[in-house]
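Here is a set of short exercises to work through with the model open beside you. Try each task on your own before reading its solution.

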Amino acid sequence: MESLCRSLGRDDLLLVLLSGGASALLPAPVAGVSLEEKAAATAVLLRAGATIHELNAVRKHLSRLKGGGLARLAGKARVATLVLSDVVGDDCSTIGSGPTVPDPTTYADALAALDRRGVRRLVPRAVRDHLEAGERGQHPETPSPAARAGRA
């Protein structure tokens, strides 16, 4: 999928069909974090009672596709997303962890979620290291609403 997205040009359209549960079908962990480590972090957060917003803040920052990552890969191509929502309020950044929309969360938010739930030291070291490096600016943030509006 990533190579296809990278091959798209200004005249192309990426049509994305998205529904609840899509997050599980788009795991694509960042370099240095295995799928098993990402899944373990999610499990730790679930056991600690994390909200969907806390889970998504972490998952988006451990993914190449979530949190607007899929749209970023499409480059200059137009992106259209058809959504079947299972989320109260239909927040597109929550449905499927928002692969085609700006992400209002940051690495700091992801770490704050781990800290609020008291699990920073319980998630795999690779997960913790990636999030902490991201907070220090060593990894790019997910595309933000301000960036989409041309303000960042």
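The exercises below go from the cores to helix packing and then to single residues; keep in mind that this is a predicted model.

**Exercise 1. The largest nonpolar core**

Task: Find which residues of the largest nonpolar core touch the most other members, and which helices each supply at least two residues of this core.

Solution: Start with the core itself, which has 19 residues. The members that touch the most others are L45, V58, L114, V127 and L131. Next, turn to the helices: at least two core residues come from each of α3 (35-47), α4 (52-60), α6 (107-116) and α7 (125-135). With 5 residues, α6 gives the most to this core. Now pick V127 and look at its surroundings. Not counting residues up to four places away in sequence, V127 touches V33, E37, K38, A41 and L62. Finally, look elsewhere in the model for a second, separate core; this one has 14 residues, among them L8, L18, L73 and A77. As background, nonpolar side chains tend to be buried together in soluble globular proteins.

**Exercise 2. How α6 meets α7**

Task: Work out whether α6 is parallel or oblique to α7, and list the residues that make the contact.

Solution: First take the geometry. The two axes come within 8 Å and cross at roughly 135 degrees. An angle over 145 degrees would count as roughly antiparallel, and 65 to 115 as roughly perpendicular. The crossing angle falls in neither range, so α6 is oblique to α7. As for handedness, α6 passes α7 in a left-handed crossing. Then list the residues: α6 contributes Y107, A108, A110, L111 and L114, while α7 contributes H130, L131, E132, G134 and E135. Sorted by class, this contact of α6 with α7 holds 6 nonpolar, 2 polar and 2 charged residues.

**Exercise 3. How α4 meets α6**

Task: Do the same for α4 and α6: at what angle do they pack, and which residues make the contact?

Solution: The axes of α4 and α6 lie 8 Å apart, at an angle of about 130 degrees. The two helices are therefore oblique to each other. Their crossing is left-handed. On the α4 side the contact is made by E54, A57 and V58, and on the α6 side by D109, A110, A113, L114 and R116. By class, the contact of α4 with α6 has 5 nonpolar and 3 charged residues, with no polar ones.

**Exercise 4. Covered helices**

Task: Decide how many residues of α7 are buried and how many of α4 are buried, then name what packs on each helix.

Solution: Begin with α7, where 8 of 11 residues are buried, leaving the helix mostly covered. Those buried residues are A126, V127, R128, H130, L131, E132, A133 and G134. They pack against α3, α4 and α6. Now move to α4: 7 of its 9 residues are buried, so the rest of the structure largely encloses this helix. Here the buried residues are E54, L55, N56, A57, V58, R59 and K60. Their cover includes α2 (22-25), α3, α6 and α7.

**Exercise 5. Two leucines**

Task: Say whether L131 is buried or exposed and whether L18 is buried or exposed, then list the contacts of each.

Solution: L131 sits in helix α7. Its relative accessible area is 0%, so L131 is buried. Leaving out residues up to four places away in sequence, L131 touches V58, H61, L62, Y107, A110, L111 and L114. Take A110 as one of these: the C-alpha atoms of L131 and A110 are 7.3 Å apart, though 21 residues separate them in sequence.

L18 belongs to strand β1 (residues 13-19). Its relative accessibility is 6%, so L18 counts as buried. Beyond its neighbours within four places in sequence, L18 is in contact with T81, L82, V83, L84, I95, G96 and P99.

**Exercise 6. Positive phi**

Task: Where are A28 and S97 found, and what is phi near in A28 and in S97?

Solution: Recall first that most residues other than glycine have a negative phi. A28 is in the loop between α2 and α3, and its phi is positive, near 25 degrees. S97 is in the loop between β2 (78-84) and α6, with a positive phi near 65 degrees. To finish, check burial: A28 is buried at 11% relative accessible area, and S97 is buried at 1%.

Note on methods: Residues numbered from 1 in each chain as written. Predicted model: local features only at pLDDT ≥ 70, side-chain atom pairs only at ≥ 80, totals over all residues. Heavy atoms only, no water. Core = buried A, V, L, I, M, F, W, Y, C linked by side-chain atoms within 4.5 Å. Buried < 20%, exposed > 50% of the residue type's maximum accessible area, 1.4 Å probe, protein only. Helix = DSSP H or I, 4+ residues; strand = E, 2+ residues; numbered from the N terminus. Contact = heavy atoms within 4.5 Å. Axes fitted to C-alpha atoms, helices over the stretch in contact; angles between N-to-C directions. Parallel < 35°, antiparallel > 145°, perpendicular 65-115°, else oblique. Left-handed = near helix turned anticlockwise from the far one by under 90°. Nonpolar A, V, L, I, M, F, W, Y, C, P; charged D, E, K, R; others polar.
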